[in-house]
Amino acid sequence: MNDPRLLYLNSLSRNFAGFNNDKSPFTIIGIPMDITSSFRPGSRFAPSAIRDAATNIEFYSLRTGIDMGDIGFNDVGDIALHPSDVEENVKRIKDVISFFSDQGKIPISIGGEHSITIGTAQGTKADCVISFDAHLDLRDDYLGYKYDHACVMRRLTESGLKIIEIGNRAVSKEELEYAKNAEIPFITSNIVQMIGPREVARKIINFTTECKRIYITYDMDAIDPSFAPGVATPEPEGLSPSIILDIVNLIADKRVVGFDIVEITPSYDPTGITSILGAKMIMETAAIIKSKLP
């Protein structure tokens with residue numbers, strides 16, 4: 001593969017649960033960046049931790065009846081990133097993701113901070129993003145910087161993508177005003193638990209009716225800290241992993257062109273349970289997508 005878009009892609013000796021099946025529809029890319037982490041840094045170590053955790057989970061999905069052990073994944077390694085330039089890294093990420101997306105693969109990106117989603121969503125040429133997150137990430141800047149993890153959805157909206165957010169419970173007044181003016185719908189974690197997965201799915205399906213290419217992003221702090229303690233910015237009153245996966249199972253279809261897992265910080269995850277959950281979310285989401293393909 002001599003495509004210049006792969007200039008910054010480095011292969012690794014260890015793969016996601018040992019998978020390296022280049023015939024798989026799913027391509028796994030590690031994106032170890034946490035330049036703008038503002039509370040608990042260390043998400044750059046998550047790709048390795050999640051790969052290791054994946055060796056200890058089962059790959060048969062009871063939710064879908066799909067055995068991901070048979071389907072496999074093509075783990076192509078990590079993107080080599082600039083140590084301090086987020087905008088340069090977004091460009092590198094977009095280039096690598098676009099290469100695999102253009103080949104008809106479904107990229108699964110393992111972050112890293114949430115800023116990576118600017119590059120991953122754009123790289124898949126998505127027109128709509130479904131975001132699970134405790135935070136809206138709609139600030140214009142954070143501490144004077146526009147390419148911050150707290151600004152990722154704002155940047156995507158400004159680039160023309162339609163966004164719907166689920167599981168939110170930590171917001172600023174600025175973000176609420178922007179969401180209202182930009183007509184960005186969000187469903188708080190409290191509302192999700194009151195109305196249930198089916199009604200949430202109905203709202204998402206209605207919002208995405210005209211979408212051609214859908215991207216899903218999982219900020220792991222959407223999940224309650226009792227399930228996922230090892231995240232960069234934990235927030236109480238979150239969702240359970242089962243609720244999130246049930247929603248995705250109801251709304252996913254052949255239009256899903258990629259997804260990511262972001263904001264796991266292994267150094268704050270002494271039992272490793274958050275990395276194990278990240279691996280499980282990857283396996284189950286891939287199985288859901290596979291079950292919807294023709």
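In this predicted model, strands β7 and β10 run in the parallel sense and pair over 5 bridges. One point of this pairing can be located exactly: F132 stands opposite Y218 of β10. Strand β10 also pairs with β11, which comprises residues 256–262, again in the parallel sense and over 6 bridges. Y218 has a bridge partner in β11 too, namely I261, while the partner of I216 in β11 is F259. The connection from β10 to β11 involves a helix: β10, α8 and β11 make a right-handed β-α-β unit.

How many of the residues of β10 are buried? The count is 6 of 6, and the strand is therefore largely enclosed by the rest of the structure. In a regular strand the side chains alternate between the two faces of the sheet. The residues of β10 can be sorted by face: I214, I216 and Y218 lie on one side, Y215, T217 and D219 lie on the other, and all of them are buried. Both faces of β10 are thus covered.

These pairings belong to a wider arrangement. An open sheet of 9 strands has the order β1-β5-β2-β6-β11-β10-β7-β8-β9, and its pairing is mixed. The strands at the edges are β1 and β9, each of which pairs on one side only.

The region around β7 and β10 also contains a covalent link. A disulfide is a covalent bond between the sulfur atoms of two cysteines. A search of the whole structure finds 1 disulfide, and it joins C128 to C211 with an S to S distance of 1.9 Å. C128 lies in strand β7, whereas C211 lies in the loop between α7 and β10, so the pair ties together parts that are 83 residues apart in sequence. The torsion about the S-S bond of C128 and C211 is about -80 degrees, and the disulfide is therefore left-handed. Both of these cysteines, C128 and C211, are buried. Another cysteine, C151, is buried as well, with a relative accessible area of 0%.

Attention now turns to a helix. Helix α3 consists of 17 residues, from 86 to 102; at 1.5 Å a residue it should span 24 Å, and its end C-alpha atoms are indeed 24 Å apart, which agrees. At the N-terminal end, α3 is capped by D85, a side-chain oxygen of which lies 3.2 Å from the backbone nitrogen of E87. Just after the helix, G104 takes a positive phi of about 85 degrees.

Which residues of α3 are buried? They are V86, N89, V90, R92, I93, V96, I97, S98, F99, F100 and S101. An α-helix has 3.6 residues a turn, so residues three or four places apart point the same way. The elements that cover the buried residues of α3 include the strands β1, β2, β5 and β6, together with helix α4.

Several loops also merit inspection. In the loop between β7 and α5 one finds H149. With 11% relative accessibility, H149 counts as buried, because the cut-off for a buried residue is under 20%. Leaving aside residues up to four places away in sequence, H149 touches T36, S37, S38, E113, H114, S115, D137, T233 and E263. By contrast, H149 and P294 are 35 Å apart in space, C-alpha to C-alpha, and 145 residues apart in sequence.

The loop between β6 and α4 contains G112. The peptide bond that leads from G111 to G112 is cis, with omega near 15 degrees.

Two further loop residues have a positive phi although they are not glycines. A17, in the loop between β1 and β2, has a phi near 55 degrees. E237, in the loop between β10 and α8, has a phi of about 65 degrees. Are these residues buried or exposed? A17 is partly exposed, with a relative accessible area of 22%, whereas E237 is exposed, with a relative accessible area of 62%.

Notes:
Residues numbered from 1 in each chain as written. Predicted model: local features only at pLDDT ≥ 70, side-chain atom pairs only at ≥ 80, totals over all residues. Heavy atoms only, no water. Helix = DSSP H or I, 4+ residues; strand = E, 2+ residues; numbered from the N terminus. Expected span 1.5 Å × (residues − 1). Buried < 20%, exposed > 50% of the residue type's maximum accessible area, 1.4 Å probe, protein only. Contact = heavy atoms within 4.5 Å. Polar contact = N/O pair within 3.5 Å; in protein donor to acceptor, adjacent residues only side chain to side chain. Pairing = 2+ DSSP bridges. Right-handed = clockwise from strand over helix to strand, strands pointing away. Disulfide = S-S within 2.5 Å.
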